[in-house]
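Q: I have a model open in front of me and would like to learn how to read it with care. Could we go through the ligand site and then the charged pairs?

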Amino acid sequence: MLIVAGSPSVHLAEKTAAQLKVPYISTQFKKFPDGEKYVRVNGDVKGQDVVLIQSTALKPDEYLIEYFLLADALKDLGAKRIRAVFPYFAYARQDERFTLGEAISFQTVVKLIEAVGTSEIYTIDSHRHRIPDLAKVFRIRSHELTAMHALANYIKERFTLSDPIVIGPDSESEPWVRTVASELGTSYDVMEKKRLGPDKVEIKPLSLNVKGHDIVITDDIISTGGTVIEATKILLGAGARRILVACAHPILAENALEKISAAGVEDVVGTDSVQSPVSRVSVAPIIAEALRK
Ligand code: R5P
C-alpha cells in the first residue's frame, strides 16, 4: 500500500502512512498564470494499491480538480487500485434538489469520482442527511467513518465537566450528539433550526432545563459559525454554565472562530479533517484502522 495526498491533506497523509508503516509518495502542485492546475506524482506506483487522501473543504472546486487529475494520473501510471479518502466531502450538503432547476451537486461529484477510476471511497461524518446510506449514490464500495468517539474521548480526557449535557444545534445532528453523549455518559437533546441564509439561522429555545449545566454543542461542520453562535446565545440565555463545542470538520470560514469565542464559547475542539487552529484530534488513526480492515 502507498499513500498519496492532494495539497490540503499532505500532513494528514504523512500521519496516516506513519500509522500504517507504509510509504508516503510526495506530490507536486503548481498553478499556471491562467489559474489551471499542474499535478505530479513523485514516485513509482505501478502495480500498487494506492490510497489517495484529499480533503475538499474551503476550496472545494480546486481540490476536487486536484483529486481528478491525481487519480487519473495514478491510474495511467499503472496503479492497481485507487482507494479515495475524502476526510471532508464537499458538496454533500446539496444532496437533493431543494428548488426546481438546481443541480444535485453531491450526485455530480460522486459520478466524477467514479469516472476517474476510483475503486473504493472512505469519508468521515459526511453531511448527506437525506441519503441514509452512501451505497445509495456510489456504485463503488463506500465506507462512512466517524470522528465522534475520538472527539468525545478527547473531551473526557482534557476537560473536567460539571453536570454536562450534549446538545445538537439541529435535528440532523442527532446521530453525532447521541454518540458523543454515550461516550461521555451524559444525557442529550437537539434543538430545532431553520436556515434563513448562508450565515444566518434561527434556533428555537429548548424545553430541557440547561441551567447550571456544562454544555457540549456537537455538530459535524462549523462553516461560518452561525449555527454554533445562535445555539450558544440561546443556551447561555437559558442559564448554561459553560459552552464547549465539538465538531468533526472545523472549516471556520470568515473569522468564524473569533465570532464563536466572542459569543461566549469557552473552547472548540475539531479534527484535522480540515487543518485549523482547533484541529486537536487527528483522524489519521481512524483512517488507518479502516484501511487496515
Ligand atoms: C448543517 O446542518 C450542518 O450540520 C452545520 O450545522 C452547518 O453546516 C454549520 O454551518 P454554519 O457554521 O455556517 O452555521
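Q: Which element supplies the largest share of the shell around the ligand?

A: Since this is a predicted model, what follows describes computed geometry. The largest share comes from strand 13, which gives four residues to the shell around the ligand. Strand 13 (214-222) is joined by strand 11 (192-197) and helix 6 (226-237), each of these elements supplying at least two residues of the shell.

Q: How many residues surround the ligand, and which are the closest?

A: There are 15 residues around the ligand, and D219, D220, T224, G225 and T227 are the closest of them. Sorted by class, the shell is made up of seven charged, six polar and two nonpolar residues.

Q: Which polar atoms of R195, S223 and D170 should I look at beside the ligand?

A: A polar contact is read here as a pair of N or O atoms within 3.5 Å, and it helps to separate backbone from side chain. In S223 it is a polar backbone atom that lies 2.9 Å from an oxygen atom of the ligand. R195 instead uses a polar side-chain atom, 3.2 Å from a ligand oxygen, while an N or O atom in the side chain of D170 is 3.3 Å from an oxygen atom of the ligand.

Q: How much of the ligand does the protein bury, and in which pocket does the ligand sit?

A: The ligand taken alone exposes 370 Å², of which the protein buries 96%. The ligand sits in the largest pocket.

Q: How many salt bridges does the structure hold, and what does the one between E62 and K31 tie together?

A: The structure holds 21 salt bridges. In the one formed by E62 and K31, the closest N and O atoms are 3.2 Å apart. Because E62 belongs to helix 2 (residues 60-76) and K31 to strand 3 (residues 27-31), this pair ties together parts that are 31 residues apart in sequence.

Q: Where do R130 and D95 lie?

A: R130 and D95 form a salt bridge whose closest N and O atoms are 2.6 Å apart. R130 lies in the loop between strand 7 (120-124) and strand 8 (141-145), and D95 in the loop between strand 6 (81-86) and helix 3 (105-115), so the pair ties together parts 35 residues apart in sequence.

Definitions and conventions. Residues are numbered from 1 along each chain as its sequence is written. This is a predicted model: local features need pLDDT of at least 70, side-chain atom pairs count only at pLDDT 80 or more; totals for chains, interfaces and linings use all residues. Side-chain values use heavy atoms; hydrogens and water are left out. A residue is near a molecule or strand if one of its heavy atoms lies within 4 Å of it. A polar contact is a pair of N or O atoms within 3.5 Å; within protein, one must be able to donate a hydrogen and the other to accept it, and residues adjacent in sequence count only if both atoms are side-chain atoms. Accessible areas come from the Shrake-Rupley method with a 1.4 Å probe; for residues, only the protein chains shown count as cover. On a 1 Å grid over the protein atoms alone, a cavity is a set of points where a 1.4 Å probe fits but cannot get out, and a pocket is an open set with protein on both sides within 12 Å along at least five of seven lines; lining residues have an atom within 4 Å of a point. A molecule sits in a cavity or pocket if more than half of its atoms lie within 2 Å of its grid points. Ala, Val, Leu, Ile, Met, Phe, Trp, Tyr, Cys and Pro count as nonpolar, Asp, Glu, Lys and Arg as charged, and the others, Gly among them, as polar. A salt bridge is a side-chain nitrogen of Lys or Arg within 4 Å of a carboxyl oxygen of Asp or Glu.
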